[in-house]
Amino acid sequence: MRVAFISDIHGNIHALTAVKRFLSENIVNQVIVVGDLVGYGASPGPVIDFVRREGWVAGLGSSDMRVAIDLGERADRKGVADQVLTWTKKILTPEQLDFLRRLPPGGRITTPIGRVRFFHGSPHAPDQRLDLMAPKRELEELADSLGARVIVVGGSHVPFVRVLGDTTFVDPGSVGLTLNHEPGADVAIVDCVGRKPKVSLHKVTYDFASSAFDIMAWNLPPVIADVIRTGRMG
């Protein structure tokens with residue numbers, strides 16, 4: 001059983017379509033989106049429609065939550081992400097917003113090697129990022145409480161794998177706004193066979209120049225285009 005995990009698409013339809021082509025050549029049994037379909041990128045509506053059309057399992061991310069659910073405005077929120085999320089709320093259709101509202105905070109699947117749990121931030125809060133570099137004991141206690149052999153989280157935009165005892169922790173990175181200093185779309189494939197899961201991290205090339213152009217065409221913050229082109233912030 002092979003499962004592809006992707007996260008943090010952030011409205012980047014060019015990156016997402018490239019990932020679909022990659023997965024058509026690297027056959028998997030299931031694709032799971034670990035949150036943040038929207039935010040930053042210029043094509044949030046097409047991304048939502050794409051994921052719905054493919055029938056991929058998706059969880060709620062922190063940006064999805066802030067767009068779809070009225071959490072109230074905070075005076076201290078005036079950053080780049082907030083500008084784009086405000087714009088995103090205005091251009092999504094009621095059906096697209098409803099799709100985001102219906103996303104669960106996470107999920108689980110049963111595989112030949114045991115239970116796999118996935119969520120964007122923490123098990124019950126998409127906006128509380130789980131630190132995969134946390135002390136070993138802290139992560140082992142989480143794994144025990146979840147009864148999981150594999151735990152997949154998002155939010156860092158940097159691909160990462162850490163094995164502690166019988167549990168493998170995975171952050172797939174970001175499809176639409178990677179931050180590991182190399183432009184492209186991040187994908188994690190987990191082979192759930194044998195005695196231990198095998199995780200492979202992939203960087204999928206795509207037309208990031210077109211994604212950056214879309215940012216500028218919609219008058220979104222230019223810094224986002226720079227990140228898309230370089231894979232780094234600042």
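Is W87 buried or exposed? W87 is buried, with a relative accessible area of 14%. That residue is one stop on this short tour of a predicted model, and here are the points I would look at with you.

1. **The main core.** Nonpolar side chains in soluble globular proteins tend to be buried together. In this model the largest nonpolar core has 48 residues, and the members that touch the most others are I6, L16, L37, V51 and L100. Helix 1, spanning residues 13-25, supplies the largest share of this core, with 7 residues. Apart from this core there is another one of 14 residues, and F5, V150, A188 and C192 are among them.

2. **L100 and its surroundings.** If you would like a good place to enter the main core, try L100. Leaving out residues up to four places away in sequence, L100 touches V38, I48, L60, D64, V67, A68 and L92. Please keep D64 in mind, as we will come back to this residue below.

3. **Helix 2.** This helix covers residues 44-54, and its buried residues are P44, G45, V47, I48, F50 and V51. What do the buried residues of helix 2 pack against? Their partners are helix 1, strand 2 (30-33), strand 3 (57-58), helix 4 (80-91) and helix 5 (94-101). Just after the helix comes G55, which has a positive phi of about 75°.

4. **Aromatic pairs.** The model has 4 aromatic pairs. One of them joins F50 and W56 edge-to-face, at 5.7 Å centre to centre and with 65° between the planes. Both F50 and W56 are buried.

5. **W87 and W218.** Now back to the opening residue. The ring centres of W87 and W218 are 5.3 Å apart and the planes stand at 65°, so this pair is edge-to-face. The cut-off behind that label is an angle over 60 degrees between the planes. Why does the pair tie together parts that are 131 residues apart in sequence? Because W87 sits in helix 4, while W218 sits in the loop between helix 7 (208-217) and helix 8 (222-230). The two rings are also worth viewing by accessibility: W87 is buried at 14% relative accessible area, whereas W218 is partly exposed at 46%.

6. **N26, a loop residue.** You will find N26 in the loop between helix 1 and strand 2. Its relative accessibility is 24%, so N26 counts as partly exposed. The side chain of N26 reaches the backbone oxygen of F22 at 2.9 Å. Setting aside neighbours within four places in sequence, N26 is in contact with R2 and I189. The C-alpha atoms of N26 and A4 are separated by 9.5 Å, and these residues are 22 residues apart along the chain.

7. **D64, a buried acid.** D64 belongs to helix 3, residues 62-68. Although buried, D64 has no salt bridge, and the nearest side chain of opposite charge, R66, is 11 Å away. What does the side chain of D64 reach at 2.9 Å? The partner there is the backbone nitrogen of G61. In addition, a polar atom of the D64 side chain lies 2.7 Å from the backbone nitrogen of D36. Beyond its neighbours within four places in sequence, D64 is in contact with G35, D36, L37, V38, G59, L100 and L103. Two of these names, L37 and L100, should be familiar from the main core.

Key:
Residues are numbered from 1 along each chain as its sequence is written. This is a predicted model: local features need pLDDT of at least 70, side-chain atom pairs count only at pLDDT 80 or more; totals for chains, interfaces and linings use all residues. Side-chain values use heavy atoms; hydrogens and water are left out. A nonpolar core is a set of buried Ala, Val, Leu, Ile, Met, Phe, Trp, Tyr and Cys residues joined through side-chain atoms within 4.5 Å. Buried means under 20% relative accessible area, exposed over 50%, partly exposed in between (1.4 Å probe, protein chains only). Helices (H or I, at least four residues) and strands (E, at least two) are DSSP runs, numbered from the N terminus. Contact means heavy atoms within 4.5 Å. Rings of Phe, Tyr and Trp (its six-membered ring) pair if their centres lie within 6.5 Å; planes under 30 degrees apart count as stacked, over 60 as edge-to-face and the rest as tilted. A polar contact is a pair of N or O atoms within 3.5 Å; within protein, one must be able to donate a hydrogen and the other to accept it, and residues adjacent in sequence count only if both atoms are side-chain atoms. Lys and Arg count as positive and Asp and Glu as negative; His and the chain ends are not counted. A salt bridge is a side-chain nitrogen of Lys or Arg within 4 Å of a carboxyl oxygen of Asp or Glu.
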